[in-house]
Amino acid sequence: MEDIVVVDNLHKTYGKNVIAVDGISFTVKKGEIFGFLGPNGAGKSTTIKILTTLLEKTSGKATIDGLDIDADQVKVRRIIGYSSQEVGVDDDLTARENLMLQCSFHHIPTEKAKAKVNGLLQTIRLSEAADRRLKTFSGGMRKRLDLASSLVSDPKILFLDEPTTGLDPQSRQDIWEYIVKLNREGMTIFLTTQYMEEADRLANRLCIVDQGKIVAEGTPAELKAQVGADKITLRFKIDDHEGCEKAKELLSKLQGIEAVGKCGDGIAAENGLTIITKNGSGLVTQVVRALDGAGINVEQLNLSAPTLDEVFLKLTGKTLNVVERKQTTGGWGRRRR
Ligand SMILES: Nc1ncnc2c1ncn2[C@@H]1O[C@H](COP(=O)(O)OP(=O)(O)OP(=O)(O)O)[C@@H](O)[C@H]1O
Ligand SMILES: [Mg+2]
């Protein structure tokens, strides 16, 4: 597939010595959802601001759909949409007014703008609240409106900086579905996130970033495969030590099992086994069959795959600690171009 974003050895230093982006290179393919996953201060917003031409890079090169972010700045702005980390809609205006304002920034004629705004309000399910001032909106409603306002220009590629940070699970789910819908309709999406689940669920491919550097790149499955192993956990009745022993002996003989260990030795309530394997989902049925065949009762069975958090932990020695932040409201002027 054709590359729509090509970033080559990008650097950004704030002032004399704050190195925010430290020589990153990556490509985004046309039509994909590309994720930029990393903790606070990793350089995600800096990168996205450079690519959307809102911030000057220190060195390196980047093109969007073949256009150079410096030499072709005006053309780049015409084909991108950007939703910043801070909600950029105006509290004193209604939802409809906010979107109409965005349309006027993009020189869309009034009649066409009205139709477009109605369509967008419908898609983000804000038609009924369209004429209410944003002051009365919830965080999720604002974020949806903010996303819609980055779409008025029908961008080829949409840049979303932490689209769901600070949202409740239902609002997060809404935004996810909307992003997927836009992507199905053909839009390339570049999103940053500090939620590994978000990257895992949405991104076709992703980069894991830390301290201005890319520490890993690939599909979620490829990255998780680097960690290697799935875990199957079995629990037996509290006093069924015999069943647990028998199961251990039996399962050790199954093909594809790397290790069978007792969990929580010495703690009765933890009377169970942990199985490490490369192919957890394939093995679960075999495990169940073997135990059933031997008449061993299992109280609980869990299969867990490695998560992107474990990938991050393995690569950086740290865990992706998400610090929940409240949504802040920024001025609407930032999108005026
Ligand atoms: N305007 C600025 N002036 C000086 N330093 C800055 C500025 N903006 C960001 N930084 C620093 O650059 C580094 C990267 O910041 P950036 O905002 O790009 O990270 P981020 O990955 O978006 O983090 P977050 O998840 O918190 O949004 C941080 O160390 C930050 O403190
Ligand atoms: Mg940021």
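This is a short tour of a predicted model, from the whole chain down to single residues.

**Whole chain**

Start with everything shown as a cartoon. The chain has 11 helices and 14 strands. Orient the view along the principal axes: the C-alpha atoms fill a box of roughly 75 × 45 × 35 Å.

Now colour by burial. Of the 337 residues in the chain, 47% are buried. Next, turn to contacts. Among those with a separation of 6 or more, 70% come from residues 24 or more positions apart.

**Surface and charge**

Switch on the surface. About 16200 Å² is exposed by the chain. Carbon and sulfur atoms supply 49% of that area.

Colour the charged side chains next. There are 47 positive and 46 negative charges. How far apart are their mean positions? The two means are separated by 5 Å.

**The magnesium site**

Select ligand 2, the magnesium ion, and show its protein donors. Which atoms are they? They are OG of Ser45 and OE1 of Gln85, lying 2.0 to 2.1 Å from the ion. Trace each donor back to its element. Ser45 lies in helix H1, which spans residues 44–51. Gln85 sits in the loop between strand E6 (80–83) and helix H3 (95–105). The pair therefore ties together parts that are 40 residues apart in sequence.

Stay on the two donors and check their accessibility. Buried or exposed, where does Ser45 fall? Ser45 counts as buried because its relative accessibility of 18% is under the 20% cut-off. Gln85 is also buried, with a relative accessible area of 16%.

**Strand E6 and Tyr82**

Step back along the chain from Gln85 to Tyr82. This residue is in strand E6, the strand that comes before the loop holding Gln85. Tyr82 is buried, with a relative accessible area of 3%.

Add Phe159 to the selection. Tyr82 and Phe159 are 77 residues apart along the chain. Draw a distance between their C-alpha atoms: the separation is 4.7 Å.

**Cysteines**

Finish with the cysteine sulfur atoms. How many disulfides are there? The count comes to zero, since a disulfide needs a pair of cysteine sulfur atoms within 2.5 Å.

Two cysteines are worth selecting by number. Cys103 is buried, at 1% relative accessible area. Its position falls in helix H3 (95–105). Cys207 is buried as well, with a relative accessible area of 0%.

Key: Residues numbered from 1 in each chain as written. Chains lettered and ligands numbered in written order. Predicted model: local features only at pLDDT ≥ 70, side-chain atom pairs only at ≥ 80, totals over all residues. Heavy atoms only, no water. Helix = DSSP H or I, 4+ residues; strand = E, 2+ residues; numbered from the N terminus. Buried < 20%, exposed > 50% of the residue type's maximum accessible area, 1.4 Å probe, protein only. Contact = heavy atoms within 4.5 Å. Areas by Shrake-Rupley, 256 points an atom, 1.4 Å probe, with all protein chains shown as cover. Lys, Arg positive; Asp, Glu negative; His and termini not counted. Charge placed at Lys NZ, Arg CZ, Asp CG, Glu CD. Donors = N, O, S within 2.8 Å, 3.2 Å for Na, K, Ca; no water.
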